[in-house]
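Subject: Structure handover

Hi,

Here is the structure I promised to pass on to you. Have a look at it first, and then read my notes underneath.

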Amino acid sequence: MTGLTKEQEKRQRRDAFARGGTAGMLRRRCQPPTFNAILAALIGFGAFAAVCGIRALDPSDLGWLTQGDPAQYLLGWSFFRNSPWTVPPGANPDYGLELASSVFFTDSIPLAALPFKALAWLAKIEQYFGWWLLLCFVLQGVCGWLLMGLAVRDAAARLLGAALLCFAPAFLWRLHGHYSLMAHWLVLLALWLALAPSNPRRWPLAWGGLLG
């Protein structure tokens, strides 16, 4: 006889399982926000590896970019990479209509094209689109974890929600050639800023940075 009611015994068994079981381990280890964010980023990386494959990160692998819209992105980047720097820096005079041409019009993700062009003198970078997709998957996981935190406190539930968003059909559909539109993390981050309790002093800076 333990002197405990059945309800108290059930509660003790449930607490013991939470302390020693897998769910309990996740709750304990996932408490620090930094650890949670890293796990969410790893979920995004795993989703990228499962859907796109690690070979997409090879800057010399062009086989998956030779048809459809990706061929246009690659062609625009190839001309832009080999052209001299100009003013404005996004101008791509060797591609198409001379003075009116820009890396923007080939949908080659200009914010990535500019830094990779600056790095081209260090190494031959034939494509960076795989790295862009990896960034989108990782940030999808992290921003999904942030957004889930507004609805649930359980760490495991937040991570499962982040994983769900990394495999959302609307997100994966953009892999059919619309790589610049893979940045759904911008939408998730905007939702988080709109719904989270805001600091009036940080609000303009946060929204300004996101819009920028």
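Below is what I found, going through the helix packing, the pocket and the backbone.

One thing before you start: this is a predicted model.

**H6, H7 and H3**

H7 is a good place to begin, as two of the helix pairs share it. Helix H6 covers residues 129-148, and helix H7 covers residues 155-166. Their axes lie 8 Å apart, and the packing angle is about 135°. An angle has to be over 145 degrees to count as roughly antiparallel, so H6 and H7 come out as oblique to each other. The crossing of this pair is right-handed.

From H6, the residues in the contact are Phe137, Gln140, Gly141, Gly144, Trp145, Leu146 and Met148. H7 answers with Ala157, Arg158, Leu159, Gly161, Ala162, Leu165 and Cys166. Sorted by class, that contact has nine nonpolar residues, four polar ones and one charged one.

H7 also packs with helix H3, which spans residues 33-51. Here the axes come within 9 Å and cross at roughly 30°. With the limit for roughly parallel set at under 35 degrees, H3 is therefore roughly parallel to H7. This crossing is right-handed too, as H3 passes H7.

On the H3 side you will find Asn36, Leu39, Ala40, Ile43, Gly44 and Ala47. They meet Ala155, Leu159, Ala163 and Cys166 of H7. The split by class is eight nonpolar, two polar and no charged residues. If you are colouring things in, note that Leu159 and Cys166 of H7 appear in the contact with H6 and also in the contact with H3.

**H4 and H5**

The next pair is helix H4, residues 68-82, with helix H5, residues 110-119. They pack at about 40°, and their axes are 10 Å apart. That angle makes H4 oblique to H5. The handedness of the crossing is right-handed. H4 brings Trp77, Phe80 and Arg81 to the contact, while H5 brings Ala113, Leu114, Phe116 and Lys117. Five of these residues are nonpolar, none is polar and two are charged.

**The loop between H4 and H5**

Two backbone details turn up in the loop that links this pair. Proline 88 sits in that loop, and the peptide bond leading to proline 88 from valine 87 is cis, with omega near 0°. Aspartate 107 lies in the loop between H4 and H5 as well. Its phi is near 60°, which is a positive value in a residue other than glycine. For context, most peptide bonds are trans, and most residues other than glycine have a negative phi.

**The largest pocket**

How much space lies in the largest pocket? About 420 Å³. Its lining is made up of 18 residues, and the closest to its centre are Ile109, Leu111, Ala112, Trp132 and Leu186. The elements that give two or more residues to the lining are H5, H6, helix H9 (185-195) and helix H10 (203-211). Which element gives the most to the lining? H5, with four residues. By class, the lining has 14 nonpolar residues, three polar ones and one charged one.

So H5 turns up in two places: it packs with H4, and it helps to line the largest pocket. H6 does likewise, packing with H7 and giving residues to the pocket lining.

Cheers

How values were computed. Residues are numbered from 1 along each chain as its sequence is written. This is a predicted model: local features need pLDDT of at least 70, side-chain atom pairs count only at pLDDT 80 or more; totals for chains, interfaces and linings use all residues. Side-chain values use heavy atoms; hydrogens and water are left out. Axes are lines fitted to C-alpha atoms, for helices over the stretch in contact, and angles run from 0 to 180 degrees between N-to-C directions. Angles under 35 degrees count as roughly parallel, over 145 as roughly antiparallel, 65 to 115 as roughly perpendicular and the rest as oblique. A crossing is left-handed if the near helix is turned anticlockwise from the far one by less than a right angle, and right-handed if clockwise. Contact means heavy atoms within 4.5 Å. Ala, Val, Leu, Ile, Met, Phe, Trp, Tyr, Cys and Pro count as nonpolar, Asp, Glu, Lys and Arg as charged, and the others, Gly among them, as polar. On a 1 Å grid over the protein atoms alone, a cavity is a set of points where a 1.4 Å probe fits but cannot get out, and a pocket is an open set with protein on both sides within 12 Å along at least five of seven lines; lining residues have an atom within 4 Å of a point. Grid points are joined across faces, edges and corners, and a volume is the space filled by probe spheres set on the points.
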